[in-house]
Amino acid sequence: MAKSKSSQGASGARRKPAPSLYQHISSFKPQFSTRVDDVLHFSKTLTWRSEIIPDKSKGTLTTSLLYSQGSDIYEIDTTLPLKTFYDDDDDDDNDDDDEEGNGKTKSAATPNPEYGDAFQDVEGKPLRPKWIYQGETVAKMQYLESSDDSTAIAMSKNGSLAWFRDEIKVPVHIVQEMMGPATRYSSIHSLTRPGSLAVSDFDVSTNMDTVVKSQSNGYEEDSILKIIDNSDRPGDILRTVHVPGTNVAHSVRFFNNHLFASCSDDNILRFWDTRTADKPLWTLSEPKNGRLTSFDSSQVTENLFVTGFSTGVIKLWDARAVQLATTDLTHRQNGEEPIQNEIAKLFHSGGDSVVDILFSQTSATEFVTVGGTGNVYHWDMEYSFSRNDDDNEDEVRVAAPEELQGQCLKFFHTGGTRRSSNQFGKRNTVALHPVINDFVGTVDSDSLVTAYKPFLASDFIGRGYDD
Amino acid sequence: MPKKVWKSSTPSTYEHISSLRPKFVSRVDNVLHQRKSLTFSNVVVPDKKNNTLTSSVIYSQGSDIYEIDFAVPLQEAASEPVKDYGDAFEGIENTSLSPKFVYQGETVSKMAYLDKTGETTLLSMSKNGSLAWFKEGIKVPIHIVQELMGPATSYASIHSLTRPGDLPEKDFSLAISDFGISNDTETIVKSQSNGDEEDSILKIIDNAGKPGEILRTVHVPGTTVTHTVRFFDNHIFASCSDDNILRFWDTRTSDKPIWVLGEPKNGKLTSFDCSQVSNNLFVTGFSTGIIKLWDARAAEAATTDLTYRQNGEDPIQNEIANFYHAGGDSVVDVQFSATSSSEFFTVGGTGNIYHWNTDYSLSKYNPDDTIAPPQDATEESQTKSLRFLHKGGSRRSPKQIGRRNTAAWHPVIENLVGTVDDDSLVSIYKPYTEESE
């Protein structure tokens, strides 16, 4: 499976080819112990476990990913060359100082043109499901690192939640939605919105105590949020909040232990506190730039979030500024809408729609977006932050869009185009490792699991373009 | 229940006791008229050279809040009970205190120490239910949740609206507002009377992102006063109202209690507290001197157990064990130890402080046996559980009345308790018990 040059063709509209060299890349097509009829028909998702086990004597680093296919969830061990990743850590430490950092990286880590053998240990072995969510199709998984009671939460396509624990194959807690176990994605979905946009989502608060889940009510102009306990009584529904005038609240994300935002098909982000009554604290309306498809909040700084649109537009926001603008009446004394400006605006070239956004859990400035083509874009906003600080808000976005784009797009992973031209990017098929910086796992619709780490000598390359 | 007059076999000797009558920089008219409360800071500095442990008492008098340093012996080498008063306050005995914080125009009724170095150091509540956050080094509050009663409101003028004639001494110990802080200190819940209606309210207030922001107001219908509110963990809290009902809430649920515990017998429910060490234990205290120890899990499970009440009876919720203050000394305050899951003290209406240990009762308690009757107070359980008695103001003035928030456990130093009396005498003591040996 050699890496072809077709990546350039797929992104022909891009003016500046972003670097596409890998520090490490491994692929793996899993075999299953049970007969799988047609792997293309199953919906797949992927997430990482956060444990990493370094083995100095073998020079390897072992971590594992959770892979779901239909109702089955598999755990796949990944063994990485230790050297690559430790050298890179040095590089991160020196990130603030560009010149020095580059010097070091160049000598330490070089791009590796070959596919790696991270999945060597599991290759050829048929996989057995670790967990099974019988009768449901898993649409999203989240690993709970600090919880004793349960290891992971899985959401099914109809919005039900299941808590799984290591060693127990069936869910230990369930929040079952009324649709019933036989419900197919299409039968709910065709009523409101066909396509790749999932109708339900969930997120876990930073301290893991609370889960919020969003779902459509199906046939009415009404989507709901459920606030669910994850501490004393996992699965206990604490409260149901209605989001009036929306069919689908497709994304929900926590900012800290209490503050979360939901994103609905009316292109409005609503900010809530788990402890307040059933009204949003404030809202952010985004009528332009097409359909608001996704958003994610930073786990490193509590204030940053990114929104993505069907037109390929990506916006980076400061939640504090967004909230302040709702109470600032300076330029809107006649009841105009609040003036809420983003920190930076980026775009997928060629109008590649944004289907998913993942903020890095290891860096405050990096995030990854997934395009409708299945391509994965790596962004680093350090360039933008270094130009704007909190105090001179009037001068936001001094950088020309082109320049910003060039400076911030650090890496570009070509999606399924290598293998099938009609692959579509899906939510929850790309996952950033919670501990290893920049380490990404993806799963394609033909069940190919890929783990990669970009080769980021990007500051060097970026400077080359400017000259 | 046999109300045997309980013999004074309880130990009353101290491992350490020190007292201080503070002097003040500003003129204090009549110290007896000012309301006092007391808490500890959680900062402890050990000094190996002098063999001492330094910490401080936070003491409020009217609107002024003072920090009083003290030093207790580090090594409790002498396991003999002391006869004499110690010199923990030696360092400041002759200094006049100037207020560290001032909550101008208000009378502080309760304080909670948060964090010396953090965004906020101390949270204090005034008699009318207002809250003020103080920060180390700044004398005035940095955040305030002001109640509408206004700064000039006195306890009497709010109170006379709801309980005319009930005002004097007898009921003075029952504050009408209270607050509790969640275990992660991110959320505060405060209870207060609405004054003139049959309606008391709880306010859920942020203490993380925007301290002082009122997140939600919850009405507790049919109650005039909700006198106590306490958190069990980060989210679950209980409120205790004058209808003798404990209501359990989650900060994240809507405006209905998750479950309730009704306590119609045993007189007026005056106080309760839950253990910060084990999330499930709590204690309730009554005006008749009865004290009950509960398992929150069992009490909650009973609300859904319909085995013996198929005709809509009230749930059968039994406590683990009950105790009593001898001589019907009413319970005005209950506080669980912050360092031990089995220790709590109760403050009697006489000002006495009773130290209890739950080990005896818990050793006989099986959480799976849901229909076990409560362990009624027997002489044995009473003797085994009541570990120590600190005699209150009776030493100095016979008519001293016990008050809420005038006694506190030290959050770090084991078994250290601080109290303040009406005449401003601040005492800290460590009981001498068998375990001290």
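The following dialogue discusses how to read several features of this predicted model.

Biologist: How many residues of chain A are in contact with chain B, and what area is buried between them?

Modeller: In chain A, 18 residues are in contact with 18 residues of chain B. The area buried between chain A and chain B is about 1600 Å², and carbon and sulfur atoms give 42% of that area. A:Arg233, A:Leu238 and A:Arg275 supply 40% of the area that chain A buries against chain B, more than any other three residues.

Biologist: Which polar features does the rule find across the interface of chain A and chain B?

Modeller: The rule finds three salt bridges across the interface, as well as 14 residue pairs in polar contact. On the side of chain A that touches chain B, β15 (222-229) and β16 (237-244) each supply at least two residues. By class, that side has three nonpolar, eight polar and seven charged residues. As for a single pair, the side chains of A:Arg275 and B:Asp206 meet in a salt bridge, with 2.8 Å from N to O.

Biologist: How should one read the two faces of a strand, and is strand β26 of chain A mostly covered or exposed?

Modeller: In a regular strand, side chains alternate between the two faces of the sheet. Strand β26 (residues 366-371) of chain A is mostly covered, with six of its six residues buried. A:Glu366, A:Val368 and A:Val370 point one way from β26(A), while A:Phe367, A:Thr369 and A:Gly371 point the other way.

Biologist: Which strands are joined to β26(A) by bridges?

Modeller: Strand β25 (residues 354-359) of chain A runs antiparallel to β26(A) and is joined to it by five bridges; the bridge partner of A:Leu358 is A:Val368. A hairpin of six residues joins β25(A) to β26(A). Strand β27 (residues 376-380) of chain A is also antiparallel to β26(A), again with five bridges, and A:Glu366 stands opposite A:Asp380. Four residues lie between β26(A) and β27(A) in their hairpin, where A:Gly374 in the turn has a positive phi of about 95°.

Biologist: Where is A:Lys315 placed, and is A:Lys315 buried or exposed?

Modeller: A:Lys315 is in strand β23 (residues 313-318) of chain A. Its relative accessible area is 6%, so A:Lys315 counts as buried, the cut-off being under 20%. Beyond its neighbours within four places in sequence, A:Lys315 is in contact with several residues, including A:Glu286, A:Phe305 and A:Ala344. The side chain of A:Lys315 makes a polar contact with the side chain of A:Glu286 at 3.1 Å.

Biologist: What does a salt bridge say about parts apart in sequence, as with A:Asp166 and A:Arg49?

Modeller: A search of the whole structure finds 31 salt bridges over all chains. In one of them, the side chains of A:Asp166 and A:Arg49 meet at 3.0 Å, N to O. A:Asp166 lies in the loop between β11 (161-164) and β12 (173-175) and A:Arg49 in the loop between β3 (44-48) and β4 (53-55) of chain A, so the pair ties together parts that are 117 residues apart in sequence. A:Asp166 is partly exposed, at 23% relative accessible area, whereas A:Arg49 is buried, at 7%. Both belong to a network of salt bridges that links A:Arg49, A:Glu51, A:Glu75, A:Lys130 and A:Asp166.

Biologist: Which residue forms a salt bridge with B:Arg230?

Modeller: B:Asp273 does, with the closest N and O atoms 3.0 Å apart. B:Arg230 lies in strand β17 (residues 226-231) and B:Asp273 in strand β21 (residues 269-274) of chain B, so the pair ties together parts 43 residues apart in sequence. Both B:Arg230 and B:Asp273 are buried.

Note on methods. Residues are numbered from 1 along each chain as its sequence is written. Chains are lettered from A and ligands numbered from 1 in the order in which they are written. This is a predicted model: local features need pLDDT of at least 70, side-chain atom pairs count only at pLDDT 80 or more; totals for chains, interfaces and linings use all residues. Side-chain values use heavy atoms; hydrogens and water are left out. Contact means heavy atoms within 4.5 Å. Buried area is the accessible area (1.4 Å probe) that two parts lose on being put together, summed over both. A salt bridge is a side-chain nitrogen of Lys or Arg within 4 Å of a carboxyl oxygen of Asp or Glu. A polar contact is a pair of N or O atoms within 3.5 Å; within protein, one must be able to donate a hydrogen and the other to accept it, and residues adjacent in sequence count only if both atoms are side-chain atoms. Ala, Val, Leu, Ile, Met, Phe, Trp, Tyr, Cys and Pro count as nonpolar, Asp, Glu, Lys and Arg as charged, and the others, Gly among them, as polar. Buried means under 20% relative accessible area, exposed over 50%, partly exposed in between (1.4 Å probe, protein chains only). Two strands pair if DSSP finds at least two bridges between them.
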